[in-house]
Amino acid sequence: MAKNRFDEGRGPSQRQLRVGELIRRTLSDVLARGDVHDPDLTGMSITVSEVQTTPDLKIATAYVLPLGGRDVEVALKALARNKGELRRAVSKNLTLKFAPDLRFRVDETFDRIDDTRRMFNEPRVRQDIEDGDEARDEEE
């Protein structure tokens with residue numbers, strides 16, 4: 001059976017993680033300094049929480065969220081509009097053969113964390129957690 005070069009079973013390689021982190025830092029610095037000449041991005045504080053790259057390092061997906069979670073669509077459109085300028089800034093800091101194509105997605109991690117906290121605060125779930133703690137204490 002032929003080996004799929006985009007096999008998702010193993011997870012990202014060390015190189016993918018390293019390049020993704022370098023891209024994340026570079027994008028964060030560029031956006032924080034306001035190096036992108038776009039009025040929509042100038043007054044906006046954007047968090048770049050993670051960058052995932054494909055195994056061949058040709059595509060980098062940046063997970064971003066504007067401060068406060070407001071104007072998400074405006075931020076995504078502005079980032080997509082300025083993709084070339086951001087790609088150029090990233091390529092200056094990387095020593096790769098090709099500069100990766102940048103894609104921007106909304107980071108939903110913070111929403112999931114809030115949902116998890118809400119779930120753990122429900123009385124039924126809290127009771128199950130406390131019952132589990134008591135059972136472990138009795139075993140010891």
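A cavity is a set of points, on a 1 Å grid over the protein atoms alone, where a 1.4 Å probe fits but cannot get out, and lining residues have an atom within 4 Å of a point. Grid points are joined across faces, edges and corners, and a volume is the space filled by probe spheres set on the points.

The model is predicted: local features need pLDDT of at least 70, side-chain atom pairs count only at pLDDT 80 or more, and totals for chains, interfaces and linings use all residues. Residues are numbered from 1 along each chain as its sequence is written, and side-chain values use heavy atoms, with hydrogens and water left out.

**Exercise 1.** Determine how many cavities of 30 Å³ or more there are, and describe the lining of the largest.

*Solution.*
1. The count is one cavity of 30 Å³ or more.
2. The largest cavity holds about 30 Å³ of space.
3. Its lining consists of L31, G34, D35, V36, L41 and T42.
4. Sorted by class, this lining has three nonpolar, two polar and one charged residues; Leu and Val count as nonpolar, Asp as charged, and Gly as polar.

**Exercise 2.** Establish which residues of helix α4 are buried and against which elements they pack.

*Solution.*
1. Helix α4 covers residues 83–93, of which L86, A89 and V90 are buried (under 20% relative accessible area, 1.4 Å probe, protein chains only).
2. Viewed down the axis of α4, the buried residues fall within an arc of 100°, so they line one face of the helix; the arc is that of the directions from the helix axis to the C-beta atoms.
3. R88 and K92, on the other side of α4, are exposed (over 50%).
4. The buried residues of α4 pack against α1 (14–33), α3 (72–81) and β3 (101–106), where contact means heavy atoms within 4.5 Å.

Technical notes
On a 1 Å grid over the protein atoms alone, a cavity is a set of points where a 1.4 Å probe fits but cannot get out, and a pocket is an open set with protein on both sides within 12 Å along at least five of seven lines; lining residues have an atom within 4 Å of a point. Helices (H or I, at least four residues) and strands (E, at least two) are DSSP runs, numbered from the N terminus.
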